[in-house]
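Open the structure in your viewer and keep the selection panel at hand. The stops below say what to select next and what is there.

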Amino acid sequence: MGQTAASIDANVFQFFTRNPRGGAAKPIDKADVAAFLGYAAENGIGPILAHAPYTLNAASSDPRIRDFAQGVFIDDLTRLELTPGAMYNFHPGSHVGQGVEKGIELISELLLHVFDAVRKVAKGEIATTVLLETMSGKGSEVGRTFEELRAIIDRTALPLGVCLDTCHVWDGGYDIVGDLDGVLAEFDRVVGLGRLKAIHINDSMNVLGAHKDRHEKIGKGKIGIDAFRRIVNHPALRDLPFYLETPCDLQGYKEEIALLKGLTE
Ligand code: FE
Ligand code: FE
Ligand code: ZN
């Protein structure tokens, strides 16, 4: 992964810890981990961002699905102890009709169990920063509003960060095109910019507030290139790691990285 990232002039990357639809992760290859750590240090790659599987739903009404979520979460964070300083992004969950309040309660409980378990393995503080992803509000997703993320942070009192997905916040109704300053001021007021650790940089196929979550290539969607110029240069964002999740192949990502670097002032 480190070599692939370097081959397209990336200095960060996001990866799935296992099949995004669920299932077991590959066994750890300690020699490969050591090779990666050396390569990443030499080539200035990082921080790396692991993405939890999409099937991880901490807010499910089904205890078996929550057990699966907890097991995967613990396994992923335990594995990530081998690459200290990484980040782990997850979708807070879908409350499937139980209501946002109940969803927040279930997510918070699960996070507390996970941190307890992994702190024992890590014999202290966890080497990974866990990030709540901002969501578009598709279906019964929790995490569409900054207030919902704040409620999870408050309820757990854990050192959680946030990953802001530009497509998701736009689809969720935050006007990052017309009023980026206003949205970031709102984020700061509700969550605190100190918690903002990563950006998923995606254009959107849909209009503001559509609650759809369909990513588009940078500059080809409803967010548009002028907004991305403001995003990559904004003083509150410019020093954060940006991760592309656009519908591209490797060559396409190489071109988008060059495009975004070209926008920076
Ligand atoms: Fe995501
Ligand atoms: Fe995302
Ligand atoms: Zn998405």
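A pocket here is an open set of grid points where a 1.4 Å probe fits, with protein on both sides within 12 Å along at least five of seven lines. Its volume is the space filled by probe spheres set on the points. Keep in mind that this is a predicted model.

**Stop 1: the largest pocket**

Select Val12, Phe13, Phe242, Tyr243 and Leu244, the lining residues that lie nearest the centre of the largest pocket. The volume of this pocket is about 910 Å³, and 36 residues line it. Next, colour helix H1 (2–7), strand S1 (14–16), strand S11 (242–244) and helix H9 (250–263), the elements that each give two or more residues to the lining. H9 gives the most, with 5 residues. By class, the lining has 20 nonpolar, 9 polar and 7 charged residues.

**Stop 2: the second largest pocket**

Now select Met1, Phe15, Ile28, Asp32 and Val33, which lie nearest the centre of the second largest pocket among its 25 lining residues. About 710 Å³ of space lies in this pocket. Two or more lining residues come from each of H1, S1, helix H2 (30–43) and helix H3 (63–80). H2 gives the most, again with a count of 5 residues. The lining divides into 15 nonpolar, 4 polar and 6 charged residues.

**Stop 3: the iron ion (ligand 1)**

Select ligand 1, an iron ion, together with His51, His91 and Glu133. The ion is coordinated by NE2 of His51, NE2 of His91 and OE of Glu133, at 2.1 to 2.3 Å. Along the sequence these donor residues are spaced H-x39-H-x41-E. His51 lies in strand S2 (residues 49–51) and Glu133 in strand S5 (residues 129–133), so this pair ties together parts 82 residues apart in sequence. Are these two residues buried or exposed? His51 is buried, because its relative accessibility is 2%, and Glu133 is buried at 1%.

**Stop 4: the iron ion (ligand 2)**

Keep Glu133 selected and add ligand 2: the two iron ions are 3.3 Å apart, and Glu133 coordinates both. The protein donors of ligand 2 are Glu133 (OE), Asp165 (OD), His200 (ND1) and Glu245 (OE), lying 2.0 to 2.2 Å from the ion. Their spacing along the chain is E-x31-D-x34-H-x44-E. Why is the arrangement irregular? The 4 donor atoms subtend angles of 86 to 173°. Finally, select strand S8 (residues 196–201), which holds His200; Glu133 in S5 is 67 residues away along the chain. His200 is buried, at 0% relative accessibility.

How values were computed
Residues numbered from 1 in each chain as written. Chains lettered and ligands numbered in written order. Predicted model: local features only at pLDDT ≥ 70, side-chain atom pairs only at ≥ 80, totals over all residues. Heavy atoms only, no water. Donors = N, O, S within 2.8 Å, 3.2 Å for Na, K, Ca; no water. Helix = DSSP H or I, 4+ residues; strand = E, 2+ residues; numbered from the N terminus. Buried < 20%, exposed > 50% of the residue type's maximum accessible area, 1.4 Å probe, protein only. Tetrahedral: all angles 85-135°; square planar, octahedral: opposite > 155°, others 65-115°. 1 Å grid on protein atoms, 1.4 Å probe; cavity = no way out; pocket = protein on both sides within 12 Å on 5 of 7 lines; lining within 4 Å. Nonpolar A, V, L, I, M, F, W, Y, C, P; charged D, E, K, R; others polar.
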